[in-house]
Amino acid sequence: MARTMMLQISAMGPDPRGLFAKIAASAPFALRLPMGVGVNYEEISFDESWVRDALGRGDGLPIAAEWLGPHGECYTGPLLKLQRWGLVLWRIQGEEVPSFDSVFSLVTGLPIEILVIGPLFEDRASNPPLGEWDGDRKPSVGLSEGHRVHGLGVLFRGKGHERLVSRRWLEHGPWLVRGLENDTTWIQFHDAAADAETSWEQAARAHDRMGISHVGGYLQHDFLFHSTIRGLYKAADRTLTIVRSGEPLTQVEMLDLCAYRAQMRTDAKQPIDRVRILFMEERDACRYLHELWLRELECWCIDAQGREVRLDDGYQPERIVAEWVERVEGRAPRVSPTKLQLSLGLANLLADPEGDLPGGWCRDDLLYHLIDWMEQETRPADYEVREVLGAHLARVSARPGEIGDLVVKAADGVGGAMAADQAAPLLAKTRAVRPQVELPFDPERLGLSLPAIIVPDPYPRHARVRSLNREDLRDAEALLQLCADDRFVLSATSRRSELRGGDGRDDGAQGTVASAAADARPSPWSLVAK
């Protein structure tokens with residue numbers, strides 16, 4: 001199927017009418033008259049002064065102009081619109097699409113605060129509905145107020161940055177970032193020279209993080225809160241303190257707190273400049289440190305002496321970028337020491353994976369214990385976890401005649417080894433991945449306090465683990481995908497840990513249980529803006 005290059009842009013700024021006029025005066029819009037001009041949904045007669053005439057009609061919005069293609073074809077020419085709320089949209093396709101350098105030179109000189117460049121390709125044989133990228137079923141993520149869905153990148157200038165949870169968000173995402181003149185930041189989601197499918201793979205995670213999503217950092221217009229915000233307000237330093245005692249803190253709640261802070265900064269009664277999250281346990285604070293720091297939400301905990309200690313002050317995480325960003329930036333490949341081991345199953349947590357557990361516990365007891373730990377309120381009734389165990393290991397659910405490797409599952413009140421015909425394809429999947437992977441990340445970058453057990457997300461929102469598109473992370477992503485798709489448990493350690501004590505628990509109790517959610521993957525344009 002032939003693919004046509006498509007340049008789709010949306011922008012907002014302090015002078016939307018002036019912005020519209022500047023676009024209309026650029027190529028290819030200024031090269032010929034449009035075939036039709038509409039004001040307030042009515043066609044008007046026009047001549048060479050159509051821009052001035054249309055803009056001179058007071059509040060006559062929206063304005064829409066459409067051109068024939070370069071060879072007189074219908075429906076393939078440029079399109080330019082000015083919406084009632086000040087959004088300007090334009091589209092250029094096919095042979096009239098200018099070079100990336102020309103486009104970038106134009107848009108960086110426009111009076112804008114936020115600009116979006118949408119997907120670069122479209123299947124000409126069909127008109128993909130919302131939710132599709134290049135004819136395949138792909139999630140559509142973007143900003144609010146009618147902007148194009150995310151594609152190549154976004155540009156923020158001046159006050160446009162205020163729509164982000166923090167400017168830290170710009171420097172620590174899976175994208176290319178360029179700081180430009182006039183307080184301007186360009187965020188590029190994929191290599192502009194990549195084909196459509198490669199572009200999607202490179203951009204998917206970045207779209208989520210820079211869009212309106214459960215893990216995003218953009219504060220949409222008319223923000224919709226998903227949680228109730230309660231805390232202790234201190235007027236002296238305009239601070240709101242949220243106390244957490246063991247309950248999970250989701251990224252949606254973090255986004256709500258950022259939106260609330262933005263709304264309350266100028267509140268007459270309770271202005272808020274700072275939001276503190278106070279955890280009763282340091283291990284809980286470490287789990288959320290990185291994500292809180294990204295949003296400039298303060299991360300505090302109670303130490304062993306009962307004092308409040310701030311953890312995010314002085315925290316300086318390493319920037320980790322996708323390999324395509326390394327290529328276009330001319331960086332040497334990233335090499336860092338191992339800080340984390342990710343393993344299939346729970347064996348890496350044990351002092352002797354082949355031996356008996358302390359206190360007479362059996363190996364499948366650990367799986368049942370995970371189910372009990374999660375409680376019925378935090379998982380669906382049919383939730384289960386799995387592990388590959390050898391038939392020779394002591395198991396509560398052992399049955400005569402079992403040999404070799406087994407897929408042992410645990411659910412609410414039931415479990416045991418799966419039938420051989422059911423287990424065979426799952427065993428094949430486990431043998432196709434590396435069972436242990438070493439990673440160069442501090443555990444807080446993954447929301448973990450080590451040692452940790454990673455279980456499938458009880459209520460997954462996506463069908464896949466989003467890739468960071470780094471070759472050195474493929475094996476880790478394959479393990480996480482195995483957990484998310486096929487319900488195998490994983491363990492994360494900094495070194496081999498032991499389960500000690502008569503009841504089989506880790507005496508230190510310094511671990512966490514996390515979910516492997518699916519929200520954790522050629523054009524003629526030059527690679528990147530200079």
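A residue counts as buried here when its relative accessible area is under 20%. With that cut-off in hand, take a look at strand 6, where Val88, Trp90 and Ile92 on one side and Leu89, Arg91 and Gln93 on the other are all buried. Keep in mind that this is a predicted model. Below, we start with strand 6, work back through its neighbours, and then turn to an open sheet further along the chain.

**Strand 6, covered on both faces**
- Strand 6 spans residues 88-93, and 6 of its 6 residues are buried, so the strand is largely enclosed by the rest of the structure.
- Arg91 and Gln93 sit with Leu89 on one covered face of strand 6, while Trp90 shares the other with Val88 and Ile92.

**The hairpin of strands 5 and 6**
- Strand 5 (residues 79-82) runs antiparallel to strand 6, and 4 bridges pair the two.
- Trp90, one of the buried residues of strand 6, is the bridge partner of leucine 80.
- There are 5 residues between the strands of this hairpin, and glycine 86 takes a positive phi near 100 degrees there.

**Strand 4 and its two partners**
- In a regular strand, side chains alternate between the two faces of the sheet.
- Strand 4 (residues 63-66) shows that alternation: Ile63 and Ala65 point to one face and are buried, but Ala64 and Glu66 point to the other and are not.
- On the strand 5 side, strand 4 is joined by 4 bridges in an antiparallel arrangement.
- Strand 2 (residues 36-39) also pairs with strand 4 in the antiparallel sense, again over 4 bridges.
- Alanine 64 is worth finding on screen: its bridge partner in strand 5 is lysine 81, and it is also the bridge partner of glycine 38.

**The open sheet of strands 14 to 18**
- Here 5 strands line up in the order 14-15-16-17-18, with mixed pairing, to form an open sheet.
- Its edges are strand 14 (232-234) and strand 18 (308-310), each of which pairs on one side only.
- On average, neighbouring strands in this sheet are turned by 30 degrees against each other, ignoring direction.

**Around strand 17**
- Strand 17 (residues 298-302) pairs with edge strand 18 in the antiparallel sense over 3 bridges.
- Within that pairing, tryptophan 300 stands opposite arginine 310 of strand 18.
- Helix 7 (residues 282-294) lies across strand 16 (274-279) and strand 17, and runs at about 175 degrees to strand 17.

Terms used
Residues numbered from 1 in each chain as written. Predicted model: local features only at pLDDT ≥ 70, side-chain atom pairs only at ≥ 80, totals over all residues. Heavy atoms only, no water. Pairing = 2+ DSSP bridges. Axes fitted to C-alpha atoms, helices over the stretch in contact; angles between N-to-C directions. Contact = heavy atoms within 4.5 Å. Buried < 20%, exposed > 50% of the residue type's maximum accessible area, 1.4 Å probe, protein only.
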